[in-house]
Amino acid sequence: MVSYLFPGSLQKQVKFNTFVQELKDVVTLTLVPVPEEHIEQSLTIDRNEARGRLPAGFVLPPFPRDLQTNLDNKEACEKSSRDRHRIIQYVQVVQALIMKYPFLKDLEGNGYHTWHQSLKRKLKAERAPLIHEDEVKRSKEKFGHKRARESTKAARSCYRSVSGVPAVIGEDASSIERHVHVLQMQYEKMNPDTSVVKDQMQLTFSWRRKEIADGMTVEDVLTKYPFLRTPSGLCDEVDRIQPSAVNVCRRWKEGFTGIVPKVVKLAHGKSSLATIYYEAREEMLAEDLPDVDFRAALILLPHIFKEKADQCITLGQHDAPSSYPTVQLVDTDWKMAFTRKVPVLVKLDSVDLCRGAGVEDGVISAFCAYFVFNLAYPPYMKNTLTFLQHTILDITEVGEKPLPVTVTRMINLL
């Protein structure tokens, strides 16, 4: 009866029960059964009149045979966490939704991840106000509810989880030293022999990955392997870490170009930088617009994820705001950053990692640094970088978790 009076709101149902308990000594309530035709009529109420609430006459899906047997025998399934999880069938509900309305399917993952999370969050929001109810508190005490772990214990390492370091075969310390000497000699030349450089970097690759995994500092790595100080050197290293038929630079250019129009459109009005970009765009020649739009999309992408872009791309050379890869534009004018290939400096852990020309060089170098130095994405840029990794570069790693809902939703939009 209470559920019929307050359909879809656990909070109101609990408040009503509390009200009844308080007044039971002074007020007599008579509950009259509702005629069946009235119930059927209520189920046909228009959706707009129902104000978005779930229908009171929700039809339960069929349960597994053994679970249904327990329910028919009136066994206390609520005392078994396994049975409770099987009764609460989030996945089956959202799968049924997608089956009936295929156009709602996610473009990434299993097709219903965002709906699954939305359903869980809706029910969680309904339950949240109930934590202050005495009955809920007693239940928590009864079943030994404990506080969540402190954030200091749950804090994740700043290092990326790697499946394994490649084995060093056919090389030792002395042979590596000879290869490193060749690399350093080539780096001193005005025009290094690219074929020699690639051969020597490949020969030292496994050894270098082990050194980085063992904690070699960024400065020492760059001193020993100086070609990692260049955007092309960082991209080549990612190609060795994550081999693909198409190199990183080409995938980056082709993949990101396809989403540029939608990114700048979504960013419109969400940042003062977007206003500067649109003003600068009006002054450019038609043949220059593709490059201008590309740079603008790179700069504005974090804004559509509502992340802290100012800690990733900054104006002027100064101390980096964090120890993670940071792109510093040597020019101090955002308008120039959109319209020209201004010099950029990428910093990592207060060390000058590499220099390049334009935001495009800076952003791809900073992204590659996360893989080269085994760094986990920082919380303030995690969604943006995850989006670039999976959608633009199609890089997947062993044992990684499902994509965040925010990223999946943005993939659907873009």
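Q: How much space lies in the largest cavity?
A: The model is predicted. The count comes to one cavity of 30 Å³ or more. The space in the largest cavity is about 90 Å³.

Q: Which residues are the closest to the centre of the largest cavity?
A: The lining divides into twelve nonpolar residues, one polar and no charged. Helices α18, α20 (358-372) and α21 (382-392) each supply at least two of the lining residues. Of the 13 that line this cavity, the closest to its centre are Cys312, Val363, Met381, Thr384 and Leu388.

Q: Where in α18 does a kink lie?
A: Helix α18 covers residues 289-304. Its first and last C-alpha atoms are 21 Å apart, close to the 22 Å expected. The kink is about 35 degrees and comes shortly before the proline Pro302, at Leu298.

Q: How many of the 16 residues of α18 are buried?
A: Buried means under 20% relative accessible area. By that cut-off α18 is mostly covered. The number of buried residues is 13.

Q: How many disulfides does the structure hold?
A: A disulfide needs two cysteine sulfur atoms within 2.5 Å. Cys249 is in none, as the nearest cysteine sulfur, that of Cys235, is 3.3 Å away. The structure's total is zero.

Q: Why is the sulfur of Cys354 not in a bond with that of Cys235?
A: Cys354 counts as buried, at 4% relative accessibility. Cys249, by contrast, is partly exposed at 40%. The closest cysteine sulfur to that of Cys354 is in Cys235, and the gap is too far for a bond: 9.0 Å.

Note on methods:
Residues are numbered from 1 along each chain as its sequence is written. This is a predicted model: local features need pLDDT of at least 70, side-chain atom pairs count only at pLDDT 80 or more; totals for chains, interfaces and linings use all residues. Side-chain values use heavy atoms; hydrogens and water are left out. Helices (H or I, at least four residues) and strands (E, at least two) are DSSP runs, numbered from the N terminus. The expected span of a helix is 1.5 Å times one less than its number of residues. The bend at a residue is the angle between axes fitted to the seven residues ending there and the seven starting there. Buried means under 20% relative accessible area, exposed over 50%, partly exposed in between (1.4 Å probe, protein chains only). On a 1 Å grid over the protein atoms alone, a cavity is a set of points where a 1.4 Å probe fits but cannot get out, and a pocket is an open set with protein on both sides within 12 Å along at least five of seven lines; lining residues have an atom within 4 Å of a point. Grid points are joined across faces, edges and corners, and a volume is the space filled by probe spheres set on the points. Ala, Val, Leu, Ile, Met, Phe, Trp, Tyr, Cys and Pro count as nonpolar, Asp, Glu, Lys and Arg as charged, and the others, Gly among them, as polar.
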